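This report sets out the fold, the exposure and selected side-chain contacts of one protein chain. The sequence and the structure are shown first, and the description follows.

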Amino acid sequence: AGLTEAQCRMLDRYGYPHVLGEWRFHMTLSGRLSPEQTAHYVRAAGAYFAPSLAKHRKVETIALFQETSRDAPLMCVEEWGLAG
């Protein structure tokens, strides 16, 4: 529910709807939040992370993680070094 057609296709193909062009950085911290809670945490996170977000970062490696079941830990499947 609430997914775009593209997200539904990616869910079917990859098992997760927010990949490729639909991916945005996120951190899962809790269950669903109310709009008021969301606004509060967005403001708090923005203030907390602002100094770090202002810095340039060099990404040298990306990794693929897999969660084999809902209660299983994430396991690193493979890592790729980036050049350029």
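In the protein chain, among contacts between residues at least 6 apart in sequence, 0% join residues at least 24 apart. The model is a predicted one, and every value in this report is to be read accordingly.

**Overall architecture**

The protein chain contains two helices and two strands. Their order along the sequence is α-α-β-β. The radius of gyration is 16 Å, well over the 12 Å that the globule rule gives for 84 residues, so the protein chain is more spread out than a compact globule. Along the principal axes, the C-alpha trace spans about 40 × 35 × 30 Å.

**Surface and charge**

Of the 84 residues in the protein chain, 5% count as buried. The exposed area of the protein chain is about 8000 Å², of which carbon and sulfur atoms supply 58%. The protein chain carries 9 positive and 9 negative charges, and the mean positions of these two sets lie 8 Å apart.

**Salt bridge**

How many salt bridges does the structure hold? The structure holds one. It is formed by the side chains of Glu-60 and Lys-58, with an N to O distance of 3.7 Å. Glu-60 is partly exposed, its relative accessible area being 46%. Lys-58 has a relative accessible area of 69% and is therefore exposed, the cut-off for that class being over 50%.

**The surroundings of Gln-7**

Gln-7 belongs to helix H1, which covers residues 5-14. Is Gln-7 buried or exposed? Gln-7 has a relative accessible area of 9% and is classed as buried because this value is under 20%. When neighbours within four places in sequence are left aside, Gln-7 is in contact with Gly-2, Pro-17, His-18 and Glu-22. One of these partners, Glu-22, is 15 residues from Gln-7 in sequence, and the C-alpha atoms of Gln-7 and Glu-22 are 7.2 Å apart in space.

**Accessibility of the residues discussed**

The table collects the relative accessible areas of the residues described above.

| Residue | Relative accessible area | Class |
|---|---|---|
| Gln-7 | 9% | buried |
| Glu-60 | 46% | partly exposed |
| Lys-58 | 69% | exposed |

Taken together, the salt bridge joins partly exposed Glu-60 to exposed Lys-58, whereas Gln-7 in helix H1 is buried.

Conventions
Residues are numbered from 1 along each chain as its sequence is written. This is a predicted model: local features need pLDDT of at least 70, side-chain atom pairs count only at pLDDT 80 or more; totals for chains, interfaces and linings use all residues. Side-chain values use heavy atoms; hydrogens and water are left out. Helices (H or I, at least four residues) and strands (E, at least two) are DSSP runs, numbered from the N terminus. The radius of gyration is taken over C-alpha atoms; the globule rule is 2.2 Å times the number of residues to the power 0.38. Buried means under 20% relative accessible area, exposed over 50%, partly exposed in between (1.4 Å probe, protein chains only). Contact means heavy atoms within 4.5 Å. Accessible areas come from the Shrake-Rupley method with a 1.4 Å probe; for residues, only the protein chains shown count as cover. Lys and Arg count as positive and Asp and Glu as negative; His and the chain ends are not counted. The place of a charge is taken as NZ of Lys, CZ of Arg, CG of Asp or CD of Glu. A salt bridge is a side-chain nitrogen of Lys or Arg within 4 Å of a carboxyl oxygen of Asp or Glu.
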